[in-house]
Amino acid sequence: MDHQPSITISSLDLARIEKIIHSSAAQNSPGLAALQNELDRANVLEPTQIPPGLVTMNSTVRFIEDASGALSELTLVYPDEGGAAGSVSILAPVGSALLGLSVGQSIHWQVPGGRELELRILDVIKQPEAMGKFHR
């Protein structure tokens, strides 16, 4: 991952994700170091300062994998909510890649097996911060 786009996350998301990363349940998750690197380089704002069009936890996002042209629509969730149809856990490589991106941004992201994805954000369909609802 050479030059990555700037990312922004809420202080609430940061605190909750770091708690998950440091839990014993997450220690065997692939890509944990990459997620921590993303958190370390993120611009952190208070939830009330999060602009619309930014992927936060519990956001529903529409994106494209540029190499294949595959379109996806997923909700970024915490691990205990992962596995539901239409959701992706923050601990999954795609979930880690999406966090903090804005509409129009792309990111190159390494996935298990050595393959690299290039994901581009097309739309943030639902964002809790934009609706004045912070994560429970």
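A residue counts as buried when its relative accessible area is under 20%. Keep that cut-off at hand for this predicted model.

**Exercise 1. Which side chains of S6 point to one face and are buried, and which point to the other?**

Step 1. Locate the strand: S6 covers residues 106-110.
Step 2. Walk along S6 and watch the side chains alternate.
Step 3. Sort them. Ile107 and Trp109 point to one face, and both are buried. Ser106, His108 and Gln110 point to the other face and are not buried.

**Exercise 2. Describe how S6 joins its partner S7.**

Step 1. Strand S7 spans residues 116-126.
Step 2. Count the bridges: 5 of them link S6 to S7. The two strands run antiparallel.
Step 3. Find a facing pair. Opposite Ile107 stands Leu119 of S7.
Step 4. Look at the connection. S6 and S7 make a hairpin, with 5 residues between them. In the turn, Gly113 has a positive phi of about 95 degrees.

**Exercise 3. What is the strand order of the open sheet, and which strands are at its edges?**

Step 1. Read the order of the 5 strands: S5-S4-S3-S7-S6. The pairing is mixed.
Step 2. Pick out the edges. They are S5 (87-89) and S6 (106-110), each pairing on one side only.
Step 3. Add the twist, which averages 45 degrees from one strand to the next.
Step 4. Check the S5 end. S4 (residues 70-77) and S5 run parallel and are joined by 3 bridges. Leu76 has Val88 in S5 as its bridge partner.

**Exercise 4. List the buried residues of helix H2 and name elements that cover them.**

Step 1. H2 runs over residues 32-41.
Step 2. Its buried residues are Leu32, Ala34, Leu35, Gln36, Glu38 and Leu39.
Step 3. The cover includes strand S1 (8-10), H1, helix H3 (93-98) and S6.

**Exercise 5. How far from Asp13 is the nearest side chain of opposite charge?**

Step 1. Place Asp13: helix H1, residues 11-21. Asp13 is buried.
Step 2. The nearest side chain of opposite charge is Arg16, 6.0 Å away.
Step 3. Apply the cut-off. A salt bridge needs a side-chain nitrogen of Lys or Arg within 4 Å of a carboxyl oxygen of Asp or Glu. Asp13 has no salt bridge.
Step 4. Look for another partner. The side chains of Asp13 and Tyr78 make a polar contact at 3.4 Å.

**Exercise 6. Is Asn58 buried or exposed?**

Step 1. Asn58 sits in the loop between strand S2 (43-45) and strand S3 (60-65).
Step 2. Its relative accessible area is 18%, so Asn58 is buried.
Step 3. Turn to the backbone. Most residues other than glycine have a negative phi. Asn58 has a positive phi, near 70 degrees.

Notes: Residues are numbered from 1 along each chain as its sequence is written. This is a predicted model: local features need pLDDT of at least 70, side-chain atom pairs count only at pLDDT 80 or more; totals for chains, interfaces and linings use all residues. Side-chain values use heavy atoms; hydrogens and water are left out. Helices (H or I, at least four residues) and strands (E, at least two) are DSSP runs, numbered from the N terminus. Buried means under 20% relative accessible area, exposed over 50%, partly exposed in between (1.4 Å probe, protein chains only). Lys and Arg count as positive and Asp and Glu as negative; His and the chain ends are not counted. A polar contact is a pair of N or O atoms within 3.5 Å; within protein, one must be able to donate a hydrogen and the other to accept it, and residues adjacent in sequence count only if both atoms are side-chain atoms. Two strands pair if DSSP finds at least two bridges between them. Axes are lines fitted to C-alpha atoms, for helices over the stretch in contact, and angles run from 0 to 180 degrees between N-to-C directions. Contact means heavy atoms within 4.5 Å.
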